[in-house]
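Work through the exercises below with the sequence and the coordinates at hand. Each task is followed by a solution in steps.

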Amino acid sequence: MHPTTLMYTSSLLLMFAVLLYPLLVTFTSLPLNNDWASSHAKTAVKSAFLISLAPLSLFLSTGMEAVTSSWTWMVTTTLDITLSFKFDHYSIIFIPIALYVTWSILEFATWYMHSDPLMNRFFKYLLTFLVAMLILVSANNLFQLFIGWEGVGIMSFLLIGWWHGRADANTAALQAVLYNRVGDIGLILGMAWLATNVNSWDIQQMFILSKDLDMTLPLLGLILAATGKSAQFGLHPWLPAAMEGPTPVSALLHSSTMVVAGIFLLIRMSPLMENNQTALTLCLCLGALTTMFTATCALTQNDIKKIVAFSTSSQLGLMMVTIGLNQPQLAFLHICTHAFFKAMLFLCSGSVIHSLNDEQDIRKMGGLHHLAPFTSSCLTVGSLALTGTPFLAGFFSKDAIIEALNTSHVNAWALTLTLIATSFTAIYSLRVIFFVTMGTPRFLPLSPINENNPAVINPLKRLAWGSIFGGLLVMLNINLFKTPVLTMPAELKLAALAVSVLGLLTALELATLTSKQFKVTPLRTPHHFSTSLGFVPAIIHRQIPQLSLLLGQKIASQMVDQTWLEKTGPKAIANATTPLASATSNMQQGLIKTYLTLFLMTLVLVTLISAT
Amino acid sequence: MNPFILSILLLSLGLGTTLTFASSHWLLAWMGLEISTLAIIPLMSQHHHPRAVEATTKYFITQAAAAALILFASTTNAWITGQWDINFDLHFFPASMLTMALALKMGLAPVHFWLPEVLQGLDLTTGLILSTWQKLAPFILMCQIMPVNSSLITFLGVTSTLVGGWGGLNQTQLRKILAYSSIAHLGWMILVMQFNQQLALLALIIYIPMTFSTFMIFKTNSSTTVNTLAASWAKTPALTAITPMILLSLGGLPPLSGFMPKWMILQELTKQDIPLTASIAALSALLSLYFYLRVSYAMTLTISPNNLNATTPWRLQTTASTLPLAISATISAMLLPLAPATLALLSL
């Protein structure tokens, strides 16, 4: 084996071993020591991150990608499934970032979940999730990817419903599973089509063998899978509902890693998509709709975690738009930078929530700039990175995307929506900062505001470094596959920045209205639309179950009970036989003359008929 | 009854049927039928109570009418064809008259009306003789005049099975239930008689032990209604356990012997390309099965309440002979595996 490939494979193997070791330890019946979470789980992820830097540096210096196929799992006449790992540009860069973010989150979680009696189980779940995510990212065939896909789905369910005594948490977990399942239908459709037409699930083989085929159907399936997993419009309600889980869960799963799995799948399969205009247009329009819609919903939310959740959804829409522009690498870059600042935003909100004694409503926060300075600074940095402030992490990916959008020859409507969503990003980010950090406190006096714990500070610090320099570092060290258009009119170049600044100024203006009455009778319809999340959950979550229940009732009571059992089945037979039985036995009147007359008549009839 | 009288009557009964069996002349056959009718009349009315006398009278009138018609038909046949031999085919006109007369004699629908009332008025032993022995002679004659007027025979058969099914559903008196059961079984026999007389004979041969067993069981428990039968768990627990087997065998349920004739008959009917008739007969067997099942449910599957004294009779030994019942119950429940041997024996 080539030494580089050897290095890649052995580092991945070592990473898996390091991550699985704490899990395996828990399967013995020995009691875990008190700081197992800190000493074993977090350390494992930290070591895995450090190990993953080795293939990263090797890749950055040589640019060599590798595919490893090891053990043959199943051999059938038409389809072989082997265990194979892909060490390409995407997985080698994503794995260290994911591990870095997870390390920070786990360290934060040792503080956040400190009072939880089942903290060790929590960490076990997070580790399992991480392993599944790594399997997904490093998979070279769709079967292995599907294993990781389902694994992250299940762990998402378990983690969202962590506080399962709360009915809302259970509902949210079920929502996550069901919406993901709908997406899985698409993935399985794509896999089945590919298995039957291209005869392989291996990525390299699929790309070669599908050159001349019409790939619309499997691509639609994959887009459906991405819609489900990455909460695009139509299958999006689960993501805000998933905020019922603890903040580390929201930070890890529902901002950085799990929700990008759908986008990651599309990025992996982008060579299949690049010639299919239908799929590209669908991605573009779906992404534009998602980003606009969720940004609108985020404008009027009062729960800090929900605002960040909708922000995540909006950024996912942006990533989908990028894929629709046929720029998968830019989408990937946005995944990487987004992981840093979104995780940091979630950790900041977690710190704020715990400090204010589990208060999540931003209308009951305020003035934290003086009381929790480090957290609010990180919040500000994260929000600035999110809005695409020049030269922070988000700028490099977001601005590149908007530029690509402006200089492409696609749907102007998608472009418009994306720009409006970008301005909305600035608006709701400012809203968060305004309500949480600025102004006077609106919470109770005896709140346990404390950010002195290194378990809080260090993760935030690390992620802050990532949010500031992450984009620059990634951009400096990679080569873009597609040459970006570098010359454009100044208005187009500055469009993203201009709309963000416009949004910021509008938001500042609106923020000052909180203490004044601008209109006596305000216009409430847009506000209702935004607060009710576009009425989508209210309609879907009620209408479909109502139809199913009505159908069930019709089948059970009317069809089965009334029709089959009573009118046409057993009861009908009983009702028909009873008069016949009574008639037959009531004919016996006891008069022998009648009987003999009947005999005579029958005899005559028979004789006459037989004579003819 | 005086044992000499009894033996004369029983021997005459036997003589009559045997005479019909052995005859090849229509007049002799008719004579045998008359002898057996006359022999059973005193047996029926031996208890002299009005119900028995009523039953005897009804039986006599019906059987006399039938016998007169047999005589008339055979005479007409002799007039038309010039010969009295049973083995030669009949002319169609006396054939249909003869069929109707024999139907009346046996108790086939639509001329079955006398059978439930007559059977109800008799004690169980005489009823047993009526149900089993008295069916043999007309049956043999019926076999010998086949094939005749196929649609009439099918009509008689299907109607009998249906009437036997529906009529029995509304009964609580055991003798009437057995009357309708007899009608139904005769219907099955008639259906197949036109195609394969051996199978009809098989049906009769299996039917007789089953009915014998049921009558004996009822006699042992001295019960004539379903309600009385429900108390048999305290008198003869072993018999109570066996009776469902006999009853379900009457209903034609595999793996009991009663399934054998029904199976063979359905197969024959299907081979003769009248599956619709076969289906109707099979479905009507379900009706009969229901009332057999109801009787066995009341008897065996429930333990009816009773006072303390009535729960003790099973401790006492019985003086009646149980050997005949044992033999016939075994035959009527366990003969199915010997089906090939039975069929081979009957093709003689």
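Partly exposed covers relative accessible areas between the limits for buried, under 20%, and exposed, over 50%. The model is a predicted one.

**Exercise 1.** Assign an exposure class to each partner in the salt bridge between A:Lys571 and A:Glu566.

Solution.
- Step 1: the closest N and O atoms of A:Lys571 and A:Glu566 are 3.8 Å apart, and the cut-off for a salt bridge is 4 Å.
- Step 2: A:Glu566 has a relative accessible area of 36%, so A:Glu566 is partly exposed.
- Step 3: A:Lys571 has 47% relative accessibility and therefore also counts as partly exposed.

**Exercise 2.** Determine which parts of chain A are tied together by the salt bridge of A:Arg462 with A:Glu107.

Solution.
- Step 1: the closest N and O atoms of A:Arg462 and A:Glu107 are 2.4 Å apart.
- Step 2: A:Arg462 belongs to helix α20 (residues 454-477) and A:Glu107 to helix α3 (residues 89-112), so the bridge joins parts 355 residues apart in sequence.
- Step 3: both A:Arg462 and A:Glu107 are buried.

**Exercise 3.** Repeat the analysis for A:Arg166 and A:Glu244, which form a salt bridge.

Solution.
- Step 1: 2.7 Å separates the closest N and O atoms of A:Arg166 and A:Glu244.
- Step 2: A:Arg166 sits in the loop between α5 (142-160) and α6 (167-197) of chain A, and A:Glu244 in the loop between α9 (238-241) and α10 (247-256), so the pair connects parts 78 residues apart in sequence.
- Step 3: A:Arg166, with a relative accessible area of 43%, is partly exposed, whereas A:Glu244, with 17%, is buried.

**Exercise 4.** Decide whether A:Cys378 is bonded to A:Cys348 or too far for a bond.

Solution.
- Step 1: A:Cys348 holds the cysteine sulfur closest to that of A:Cys378, at 4.9 Å.
- Step 2: a disulfide needs the sulfur atoms within 2.5 Å, so the sulfur of A:Cys378 is too far for a bond.
- Step 3: over all chains, the structure holds 0 disulfides.

**Exercise 5.** Describe the largest cavity by its volume and lining.

Solution.
- Step 1: the search of the whole structure gives 8 cavities of 30 Å³ or more, and the largest holds about 110 Å³ of space.
- Step 2: its lining has 15 residues, with B:Tyr59, B:Gln63, B:Lys105, B:Gln134 and B:Pro138 nearest the centre.
- Step 3: α2 (26-44), α3 (50-81), α4 (92-106) and α6 of chain B each give two or more residues to this lining, and α6(B) gives the most, with 6 residues.
- Step 4: by class, the lining of the largest cavity has 8 nonpolar, 5 polar and 2 charged residues.

Notes:
Residues are numbered from 1 along each chain as its sequence is written. Chains are lettered from A and ligands numbered from 1 in the order in which they are written. This is a predicted model: local features need pLDDT of at least 70, side-chain atom pairs count only at pLDDT 80 or more; totals for chains, interfaces and linings use all residues. Side-chain values use heavy atoms; hydrogens and water are left out. On a 1 Å grid over the protein atoms alone, a cavity is a set of points where a 1.4 Å probe fits but cannot get out, and a pocket is an open set with protein on both sides within 12 Å along at least five of seven lines; lining residues have an atom within 4 Å of a point. Grid points are joined across faces, edges and corners, and a volume is the space filled by probe spheres set on the points. Helices (H or I, at least four residues) and strands (E, at least two) are DSSP runs, numbered from the N terminus. Ala, Val, Leu, Ile, Met, Phe, Trp, Tyr, Cys and Pro count as nonpolar, Asp, Glu, Lys and Arg as charged, and the others, Gly among them, as polar. A salt bridge is a side-chain nitrogen of Lys or Arg within 4 Å of a carboxyl oxygen of Asp or Glu. Buried means under 20% relative accessible area, exposed over 50%, partly exposed in between (1.4 Å probe, protein chains only).
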